[in-house]
Amino acid sequence: MTTKVLCPRCQKSSSLAVSNPYRPFCSERCKLIDLGSWASEEYKIPAEDSPSLDQDESSANNDNEH
Ligand SMILES: [Zn+2]
């Protein structure tokens, strides 16, 4: 018995069977991409946790210097 679904990442046919460790994704790649996408969004939110160490506020405007 195999339950077929569409991969949430690439919309290709994937399997919900226990033999697919990446379900509901079709592959490890899609699973990692999906996890990475929301993880990176979460990563943006708390940018400052120790303001006392970084007193150079003017550098915040110089994003192009890297
Ligand atoms: Zn996929």
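The legends below describe several views of a predicted model, moving from the whole chain to the zinc site and its cysteines.

**View 1. The whole protein chain of the predicted model, with its 1 helix and 2 strands.**
Read from the N terminus, the elements follow one another in the order β-β-α. The chain has 66 residues, of which 11% count as buried, and its accessible surface comes to about 6000 Å², with 51% of that surface belonging to carbon and sulfur atoms. Among the contacts with a separation of 6 or more, those between residues 24 or more positions apart account for 7%.

**View 2. The zinc ion and its protein donors, Cys7, Cys10, Cys26 and Cys30.**
Each of these cysteines offers its SG atom, and the donors lie 2.3 to 2.4 Å from the zinc ion. The 4 donor atoms form a tetrahedral site, in which the angles among them run from 106 to 116°. For four tetrahedral donors, the ideal angle at a metal is 109.5 degrees. Along the sequence, the donor residues are spaced C-x2-C-x15-C-x3-C. Within this site, Cys7 and Cys26 link distant parts of the chain, 19 residues apart, as Cys7 sits in the loop between strand 1 and strand 2 while Cys26 sits in the loop between strand 2 and helix 1.

**View 3. The positions that the UniProt record marks as "binding site": Cys7, Cys10, Cys26 and Cys30.**
The record is an unreviewed entry. Although these residues are spread over 24 residues of sequence, they cluster in space, with a largest C-alpha distance of 8.2 Å.

**View 4. Cys7 in the loop between strand 1 (4-6) and strand 2 (13-15).**
Is Cys7 buried or exposed? Cys7 counts as buried because its relative accessible area is 0%, which falls under the 20% cut-off. Leaving aside neighbours within four places in sequence, Cys7 is in contact with Lys12, Ser14, Pro24, Phe25, Cys26 and Cys30, and two residues of this list, Cys26 and Cys30, are also donors of the zinc ion.

**View 5. Cys30 in helix 1 (residues 28-44), shown together with Cys26.**
Cys30 has a relative accessible area of 8% and is therefore buried. Not counting residues up to four places away in sequence, Cys30 touches Cys7, Arg9, Cys10 and Phe25. Cys26, in the loop between strand 2 and helix 1, is partly exposed, with a relative accessible area of 27%; this value lies between the cut-offs of 20% for buried and 50% for exposed.

Methods:
Residues numbered from 1 in each chain as written. Predicted model: local features only at pLDDT ≥ 70, side-chain atom pairs only at ≥ 80, totals over all residues. Heavy atoms only, no water. UniProt positions renumbered as here; feature names shortened; annotations may be inferred. Helix = DSSP H or I, 4+ residues; strand = E, 2+ residues; numbered from the N terminus. Buried < 20%, exposed > 50% of the residue type's maximum accessible area, 1.4 Å probe, protein only. Contact = heavy atoms within 4.5 Å. Areas by Shrake-Rupley, 256 points an atom, 1.4 Å probe, with all protein chains shown as cover. Donors = N, O, S within 2.8 Å, 3.2 Å for Na, K, Ca; no water. Tetrahedral: all angles 85-135°; square planar, octahedral: opposite > 155°, others 65-115°.
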